[in-house]
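The exercises below are meant to be worked through with the sequence and the coordinates open side by side. Each one states a task and is followed by a solution in steps.

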Amino acid sequence: MPPARPSRPPARPARPGSKSAGSEGRKGDGPRRGTGGGRPPSGSGPIWLFGHHAVRAALANPERQCRQLLLTAEAAKDWSAGGLAPTIVDRTEIDRLVPPGAVHQGVALRVEPLPELALEDVLFSAAPDALFVLLDQVTDPHNVGAILRSCAVFGAAALILPDRNAAAATGTLAKTASGALEAVPIVRVVNLARAIRQLQEADVWVVGLEGIAEKPLEAVLRPGRVALVLGAEGPGLRRLTGETCDTLGHLPTAGEFASLNVSNAAAVALYATRRVLAETPA
């Protein structure tokens, strides 16, 4: 029998000093975005996506409103994605539209933000074994993009972020996600602790990844829906976030390098969770 959810969340252990958060674990699939329940986007206006994978995925997404496709003459030689006639431009024109130093591969696409989803949208049709990922103040778009890609690989139902102090869905994030921005729903919430309680009410077992947690991740998982919560590198999970989780776990490490980048920690945690749950009787 799986352990019952405690009446009060377990107290978070005292932090004996700053550790590299996001690391060491410091810290069926739900509906894909656009399948229903979406709200009109409330963010800023159109953005430029760049790079072959991000642009092709956006063009293939029926929920993505694509406005303008730019290709260099070199990129256009083997461009096969349809749906929007490209404009051939000089590389410097794309350089001007994307962040400095961005590897755009001669491809850029102007798009509208995707419709926003509420947490209820993804919970409504999430499978009994759905896996969710929550990020607590992870602001680097490269990290969030890499985590989003891992979410796609391991079939996470959604990536849940706070409205404030979180990376926006920029072209940099989309490029790092390598197409996963179009495949994994992103849910933005006003209050992360409140979102955790909402997940718990929907019978989701919420595990905070924390480097100083007493038990390893594998020991605190249980069958059913699971949410993994990862904190920012440096400070880790905020106090209220950690206290609201059902339990805390760490990723066992060895040697002097006892920490991982938050995106690497997320990939390891997602893999470990899928493996453990697949081997655990329901």
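**Exercise 1. A glutamate in a loop**

Task: Find which residues E112 is in contact with, leaving aside its neighbours within four places in sequence, and where E112 is placed.

Solution. Leaving aside neighbours within four places in sequence, the contacts of E112 in this predicted model are P46, R64, Q65 and R67. The next step is to place the residue, and E112 turns out to belong to the loop between β4 and α4 (119–124). Among the contacts, R67 deserves a separate look, since the side chains of E112 and R67 make a polar contact at 3.2 Å.

**Exercise 2. The four-stranded sheet**

Task: Establish the order of the strands in the open sheet of four strands, and then determine which strands are its edges.

Solution. The order is β1-β4-β2-β3, and the pairing is mixed. The edge strands are β1 (47–50) and β3 (87–88), each of which pairs on one side only.

The mixed character can be followed pair by pair. Strands β1 and β4 pair in the antiparallel sense over four bridges, and within this part of the sheet I47 stands opposite V111 in β4. Strand β2 (residues 66–71), by contrast, pairs with β3 in the parallel sense over two bridges, where L70 has T87 of β3 as its bridge partner.

A further step concerns the side chains of β1: I47 and L49 point one way from the strand, W48 and F50 point the other way, and all are buried. Finally, helix α1 (residues 52–60) lies across β1, β2 and β4 (107–111), and runs at about 40° to β4.

**Exercise 3. The six-stranded sheet and its helices**

Task: Give the strand order and the pairing sense of the open sheet of six strands, and state across which strands α5 and α10 lie.

Solution. The strands follow the order β7-β6-β5-β9-β8-β10, with parallel pairing. Its edge strands are β7 and β10 (247–249), each pairing on one side only, and from one strand to the next the twist averages 25°.

For one pair in detail, strand β6 (residues 158–162) runs parallel to β7 and is joined to it by four bridges, with I160 standing opposite V187 in β7.

Turning to the helices, α5 (residues 141–153) lies across β5 (131–136), β6 and β7, at about 150° to β6. Helix α10, for its part, lies across β5, β8 and β9 (225–231), and runs at about 160° to β9.

**Exercise 4. A serine in a helix**

Task: Decide whether S263 is buried or exposed, and identify what its side chain makes a polar contact with.

Solution. S263 lies in helix α10 (residues 262–279). Its relative accessible area is 11%, and because the cut-off for burial is under 20%, S263 is classed as buried. The side chain of S263 makes a polar contact with the side chain of N261, at 2.4 Å. If residues up to four places away in sequence are not counted, S263 touches N143, A146 and I147.

**Exercise 5. Backbone angles and loop residues**

Task: State what value phi takes near S178 and near D203, and place both residues in their loops.

Solution. Most residues other than glycine have a negative phi. Against that background, phi of S178 is near 55°, a positive value, and S178 is found in the loop between α6 (171–177) and β7 (186–189). Phi of D203 is also positive, near 65°, and D203 is found in the loop between α7 (192–201) and β8 (204–209). With a relative accessible area of 48%, D203 is partly exposed.

For a further loop residue, consider E210, in the loop between β8 and α8 (217–220). E210 counts as buried, because its relative accessibility is 0%. The C-alpha atoms of E210 and L251 are separated by 8.1 Å, although these residues are 41 residues apart along the chain.

**Exercise 6. A charge over a ring**

Task: Determine over which ring the charged end of R56 sits.

Solution. The charged end of R56 sits over the ring of W79, and the distance from the ring centre is 4.1 Å.

Terms used
Residues are numbered from 1 along each chain as its sequence is written. This is a predicted model: local features need pLDDT of at least 70, side-chain atom pairs count only at pLDDT 80 or more; totals for chains, interfaces and linings use all residues. Side-chain values use heavy atoms; hydrogens and water are left out. Two strands pair if DSSP finds at least two bridges between them. Contact means heavy atoms within 4.5 Å. Axes are lines fitted to C-alpha atoms, for helices over the stretch in contact, and angles run from 0 to 180 degrees between N-to-C directions. Buried means under 20% relative accessible area, exposed over 50%, partly exposed in between (1.4 Å probe, protein chains only). A polar contact is a pair of N or O atoms within 3.5 Å; within protein, one must be able to donate a hydrogen and the other to accept it, and residues adjacent in sequence count only if both atoms are side-chain atoms. A charge sits over a ring if NZ of Lys or CZ of Arg is within 6 Å of the ring centre and within 35 degrees of the ring normal.
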